[in-house]
Amino acid sequence: MVLSQSALDCNEPVSVNGVNYDFSSVASEQTIESGIMDTPPTKNVFQLRFNICQDLSRSDGISDADQCPAGTRACLSQINKKEGLDDRIITVVPVAQSSQLNPEYTILQSPLGISLQLHGPSYPPDSLPSTPQSLNLTLLCTQDGRESSPAFLNYTDGIVSVEWKSKSGCSVASDGDSGNDNNGGAGDGGEKAEEPSNTGGSSIGWFFLVVLIAFAGYFALGAYYNYNNFGATGWDLVPHRDFWRDVPYLFRDFADHLCTTLRPGHKGSRRGYMAV
């Protein structure tokens with residue numbers, strides 16, 4: 001499910017469908033490049049600078065015309081390289097801007113993580129066709145400390161796709177402990193709490209189920225035997241009928257004996273004797 005919000009504040013956890021995420025560990029400016037494209041006698045490369053939590057700073061030594069405007073959070077530059085010459089910036093695209101950010105979040109289940117889509121203006125801004133730009137950042141949950149650097153995946157139809165393995169891709173509980181997936185996982189660096197065992201209750205249930213099945217089988221087989229061998233019908237079908245008729249009386253005698261034994265002032269040695 002995609003959840004859209006008007007702003008992105010990394011100073012506090014972001015709630016997505018009731019699940020919290022802490023983006024503080026990715027709150028820094030990153031610069032990554034795509035693979036080099038050979039265009040003899042030159043080579044072209046895409047360079048992405050982004051910071052999902054605040055606007056990008058100005059780059060020293062680069063003219064304002066070769067940088068994205070102020071308020072940009074993700075800037076894509078196409079750089080032309082030629083041996084013996086300085087690099088030449090030929091395209092500058094603001095793919096995500098604070099004024100149009102409108103972040104959208106999608107919780108990922110396999111692999112575990114969260115996807116952020118941050119929006120920007122259309123490019124080119126003053127000509128047609130013009131394509132809306134956005135940054136799609138996939139944060140994959142990692143709790144073993146093996147975080148990676150962000151990786152440039154592709155730039156297609158105005159969308160720059162980036163993948164980053166980070167603990168920021170893991171959900172967090174309200175007290176700051178890592179929640180792992182919406183599945184009640186272990187805290188960051190901790191161990192998953194063991195669930196209490198309920199084997200006692202289940203064992204008793206299985207015992208009574210086996211007893212019930214045994215009784216049902218006993219009566220069914222006994223009735224079948226009596227019918228086929230003696231042509232019995234009605235109560236005569238019950239196996240050991242006389243015994244089962246005596247069961248209520250046996251229980252009554254047992255209860256009377258128990259009550260007599262437990263009665264206050266009773267002396268078992270004088271039972272059955274009368275004073276004369």
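Is Asp157 buried or exposed? The notes below on this predicted model begin with that residue and then take up the other backbone features, the cavity and the surface patch.

1. Asp157 is exposed, its relative accessible area being 65%. The class follows because a residue counts as exposed when this value is over 50%. The residue belongs to the loop that runs between strand E12 (151–156) and strand E13 (159–166). Its backbone deserves a remark as well: phi is near 50 degrees, a positive value in a residue other than glycine.

2. Asn17 also has a positive phi, of about 55 degrees, although it is not a glycine. The residue sits in the loop between strand E2 (14–16) and strand E3 (19–21). With a relative accessible area of 41%, Asn17 is classed as partly exposed, because the value falls between the limits of 20% for buried and 50% for exposed.

3. Two cis peptide bonds should be noted. One of them joins Pro40 and Pro41, with omega at about 5 degrees. Pro41 is placed in the loop between strand E5 (37–39) and strand E6 (42–50).

4. The other cis peptide bond links Tyr123 to Pro124, and here omega is about -5 degrees. Pro124 lies in the loop that connects strand E10 (112–123) with strand E11 (131–141). Tyr123 itself is the end residue of strand E10 as numbered in that range.

5. On internal space, a search of the whole structure returns one cavity of 30 Å³ or more. The volume of the largest cavity is about 70 Å³.

6. The lining of the largest cavity is made up of Arg49, Leu56, Ser57, Arg58, Gln67, Cys68, Pro69, Ala70, Gly71, Thr72 and Cys75. Sorted by class, this lining holds five nonpolar, four polar and two charged residues. The charged members are Arg49 and Arg58, while Gly71 is counted with the polar ones. Among the nonpolar members are Leu56, Pro69 and Ala70.

7. On the surface, Ile204, Phe207 and Phe208 make a nonpolar patch of about 350 Å². Phe207, one of these residues, is found in helix H1, which covers residues 199–230. Each residue of the patch has over 30% relative accessible area, because that cut-off is required of patch members.

Technical notes. Residues numbered from 1 in each chain as written. Predicted model: local features only at pLDDT ≥ 70, side-chain atom pairs only at ≥ 80, totals over all residues. Heavy atoms only, no water. 1 Å grid on protein atoms, 1.4 Å probe; cavity = no way out; pocket = protein on both sides within 12 Å on 5 of 7 lines; lining within 4 Å. Points joined across faces, edges and corners; volume = space filled by probe spheres on them. Patch = residues over 30% accessible without salt bridge, like charges linked within 9 Å, V, L, I, M, F, W, Y side chains within 5 Å. Areas by Shrake-Rupley, 256 points an atom, 1.4 Å probe, with all protein chains shown as cover. Salt bridge = Lys/Arg side-chain N within 4 Å of Asp/Glu carboxyl O. Helix = DSSP H or I, 4+ residues; strand = E, 2+ residues; numbered from the N terminus. Buried < 20%, exposed > 50% of the residue type's maximum accessible area, 1.4 Å probe, protein only.
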